[in-house]
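This report walks through a model of a protein complex, from overall fold to local detail. Please keep the structure open while reading.

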Amino acid sequence: MKLRLVVGTATFASLVLVLAACTSDGSTTSNTSGSASSAAGGAYDPAHAGGTLTLLAKSAGGTLDPQINYTLQYWQLYQAAYDGLTSFKKVDGADSFTVVPDLAEKIPQATRGGKTYVFTMRKGIKFSDGTPVTTDDVVASFQRIFKVSSPTAGSFYNGIVGADACLNTPATCTLAGGVVGDKAAGTVTINLTAPDPEFLYKLSVPHASILPASAPSKDAGTTPIPTTGPYMFKSYDPNTSLVMVRNPYFKLWSQDAQPQAYADEIDYKFGLTVEAEVTAVENGQANWLFDPPPADRLAEIGSEYASQAHVNTLTAYWYAPMNVNIPPFNNVKARQAVNWAIDRNALVKLYGGPELAAPVCTILPPDFPGHVDNCQYTNPAGSTWQGPDLAKAKQLVQESGTAGQPVTIIVSDDEVNAAMGEYLQSVLNSIGYKATVKAISGNVQFTYIQNTKNNVQISLTSWYQDYPAASDFLNVLLGCASFTPGSDSSINIAGFCDKTIQAQMDAALKTEQTSMDAANKQWAAVDQAVMTASPQAPLITPKLIDFLSADTGNYQFSKQFYMLVSQLWVK
Amino acid sequence: MGSLVVLILIVAACVAAPLYANNIAHVDAFASNVQGTYTLNGVTGPVLVNSTEGLGLGVTPIGPTWNFSTYFLGADNQGRDVFARILYGGRNSLLIGFVSAVLCCMLAGLVGVVAGYFGKGVDAVLSRALDVLWAFPVYLLAICLSVVLINTTLTIGPWTLTSGSLLLPILIIGIIYVPYVARPIRGQVMSLREREFVQAAVGAGAKDSRLLRRELLPNVLPTLIVFLPLMTAINMLTESALSFLSIGVQPPDASWGTIINDGVGLLYTRPMVAIAPGIILAITAVALNLLGDGVRDALDPKARLRGSL
């Protein structure tokens, strides 16, 4: 997913999303030495319950509909509001990648060769409007994924029996034979057309939230839909604020899946500049800011407010996709030249320094399933990034016969992306191209660079995991099925489709059904094959800063959904 | 006279930008230098410095060294010499400001003289066209045109303006201010048309073209000359505003507006990146305005007399 992308429609049907955080050595590095003590995922401490948590963001995150919204900003909130049949464990650290039963009593064993799951629903759970959660709500919720054209309907849930018909005619979606509820037995059966080892992950993201059957079959927009978690939405004005209050019908059923919340109310305020947000948190006028702190405030935060800053590595990467179907990057030597020329350490500096990012050489980020340290384009040679080789890059450009060609780099217009774009322009000019950089609004850049009609040659973008599986990077970003010419939803931005590599990916997906370890070895090989073909230049893996006010405690960082908002205490 | 001297000094410094960059500072003002180093008083260090305090977050460019040979005003976020870029940027700002002012005055003079002299239908059409242009807030119009045109290749007949060409901001800025100059010129021509010397020329059988060239144009020329420095200042400020919004001069080229924009992200740590081009821009604008006043006084002694009274 795109970290700050605001998506209110089904434009990203092929996107897959994930959010995580771990350090290069695999451990969480968040600074939890803050002034407030931490429960660190321990037992609920009622002494800290109550108060109002004030969060800040420059702008709202779009629709409030959990089956449509595709932003980290609101997915973070949904963790404390909505539940699926399963969910990722809401704890600090690596354990947060674990899928646990949520509205279902337990994780069922897949039957029929991995194609059928029978979930038994927990009893006694109610929505925030007082109505009980039933199997009818579950069936209706899965139908609604297609009826509202959820961004991941075609990628996450297209394997459910009946999904094809639903994708063709969403309005009449029934998922007949695909999702079957048995009200008397309290079970829901999900039948797939083929085994999907990643299906439980897909059930654990907010797009698979269980909503009341009465929820509208269209984007709910700013109208809150009743919740099952500890919070419900009270009011939402995208221009000013979003208010969440306690769900009066919430009763703890699983500490792992949906822990009790601390603050009585969450006020999410919009409209301040990021500079003002930082100042407000410093002054204790707000508890946290969503937006990354501006570059010129980082040193101040890292020194004067070090105890309030928490830095976590993300399983994500920034990269420069190169369009393999138009000049000059339809020539593999030209693409390899770019990989040789870019100094990843320079980009680390532009991102905020080595404490906020690290250079990468592969598609799969460090400590991600399938990742193996291997760097094809580094000088001197090594398994990790060492430095660029401009001479080799220039030589490859000459050999490719593309020297002197004009190249336009499309970047988002925010400070960091614009700076990186300007650096890439300088690099491309230095190896023989006539480069220009075009900075366009971040609201449209991600879709613009996907559409082949725009003839984008090279761009700068990023990808954050949806769930911990190598396919979420390699197959999603570089698989043939992800390339749709002329569409804004063609997440294979490079337009890369190599039949040999695709066959390798298909084989790895098949292996996943029997052995994830064996599959991950295959994914590692795919990663290297892709890097040889160079449809993109992996640049850096970023870290995330959570900056909290001095009086905010119990910071916990889920690798899957980042800071656990419901676990923060203000008393 | 003082303003003229200041202007000459600024123009001369900007013209000498390559001399400074290549022979004194030894820097490339346009290439990213993120991993670059500098040496000052025998000490070598990185141009962009990683923070080492606390959590070690952030990277800060070096600040002013006040040494002309080494990052006199410090570096920007790409590690480029700010002073060298200010000199290069001044070339673009002054060029765009002056050329667009010339273009504006020429177009305005043409429209104003034709509308004022011919009157009736011609005046009505031209005046309404100016009204339409005038109806838009000037910056809004400039921003709209820039957003549409600045990143696209514009082809008009045999001419092609490539993306990022300086001609685009020149054309945009030159055109949007035409009504502001054309209106007073038109009024002046309408007044001149009734004067005795024009009537005498008409009586003597002079044709329209001769009347325009020999009688009217010479009389409105001083007004246009007075407008020129004033419009140069205004256009320079407009260019800076557009460049500040990233829709004027395109990277890696610089103008004072783009450098101010570069400095916004460094206001807390390296304010000089934004302040220095801002000060030079202000000085230049004031000098141009004073020059405009001086030219007006020189060309219209009565006005100077009125001013002194």
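Two residues are in contact if their C-beta atoms, placed from the backbone, lie within 7 Å. On that basis, residues 24 or more positions apart account for 73% of the contacts in chain A with a separation of 6 or more. The model is predicted. For the complex, the predictor gives an ipTM of 0.84 and a pTM of 0.84.

**Chain A: overall fold**

Chain A holds 14 helices and 20 strands. Its C-alpha trace spans about 70 × 55 × 40 Å along the principal axes. The radius of gyration is 23 Å, which agrees with the value near 25 Å for a compact globule of 571 residues. Buried residues make up 60% of the 571 residues.

The chain is divided into three domains, with these bounds:

| Domain of chain A | Residues |
|---|---|
| Domain 1 | 9-78 + 223-301 + 544-567 |
| Domain 2 | 86-208 |
| Domain 3 | 316-543 |

How far apart are the C-alpha centres of domain 2 and domain 3 of chain A? They lie 33 Å apart. The two domains do touch: 7 residues of domain 2 of chain A are in contact with 7 residues of domain 3 of chain A. On the domain 2 side, the touching residues are 5 nonpolar, 1 polar and 1 charged.

**The nonpolar core**

In soluble globular proteins, nonpolar side chains tend to be buried together. Here the largest nonpolar core has 256 residues. The members that touch the most others are A:Leu474, A:Ile540, B:Ala84, B:Val181 and B:Met231. Helix 3 of chain B (residues 82-118) gives the most to this core, with 17 residues.

A:Ile540 deserves a closer look. Beyond residues up to four places away in sequence, A:Ile540 touches A:Tyr317, A:Trp318, A:Arg344, A:Leu347, A:Val348 and A:Tyr351. The list continues with A:Ala357, A:Ala358, A:Pro359 and A:Val360.

**A loop residue: A:Thr384**

A:Thr384 sits in the loop between strand 13 (357-359) and helix 9 (390-400) of chain A. Is A:Thr384 buried or exposed? A:Thr384 counts as partly exposed, because it has 15 C-beta neighbours inside 10 Å. Leaving aside neighbours within four places in sequence, its contacts are A:Cys361, A:Asp373 and A:Cys375. The C-alpha atoms of A:Thr384 and A:Val360 are separated by 7.5 Å, though the two are 24 residues apart along the chain. A:Val360 is also one of the residues that A:Ile540 touches.

**The interface**

The contact between the chains takes 35 residues from chain A and 29 residues from chain B. On the chain A side, five elements each supply at least two residues: helix 6 (295-304), strand 11 (309-313), helix 8 (344-351), helix 10 (415-430) and strand 15 (434-440). Helix 6 of chain A gives the most, with 8 residues. By class, the chain A side divides into 16 nonpolar, 10 polar and 9 charged residues.

**Chain B: confidence and an open helix**

Chain B has a mean pLDDT of 89, and 96% of its residues reach 70 or more. Among its elements, helix 2 (residues 17-25) has the highest mean pLDDT, 95. Helix 12 (residues 301-308) of chain B has the lowest, 50. Over residues 305-309 of chain B the pLDDT is below 50. Beyond near neighbours in sequence, this stretch has 0 contacts in the model. Where pLDDT is low, the predicted coordinates should not be read in detail.

Helix 8 of chain B (residues 196-203) lies largely in the open, because 0 of its 8 residues are buried. B:Gly205 follows helix 8 of chain B, with a positive phi near 90°.

Notes:
Residues numbered from 1 in each chain as written. Chains lettered and ligands numbered in written order. Predicted model: local features only at pLDDT ≥ 70, side-chain atom pairs only at ≥ 80, totals over all residues. Helix = DSSP H or I, 4+ residues; strand = E, 2+ residues; numbered from the N terminus. Rg over C-alpha atoms; globule rule 2.2 N^0.38 Å. Buried ≥ 20, exposed ≤ 12 C-beta atoms within 10 Å, placed from the backbone. Domains from an automatic or database assignment. Nonpolar A, V, L, I, M, F, W, Y, C, P; charged D, E, K, R; others polar. Core = buried A, V, L, I, M, F, W, Y, C linked by C-beta atoms within 7 Å. pLDDT = per-residue confidence, 0-100.
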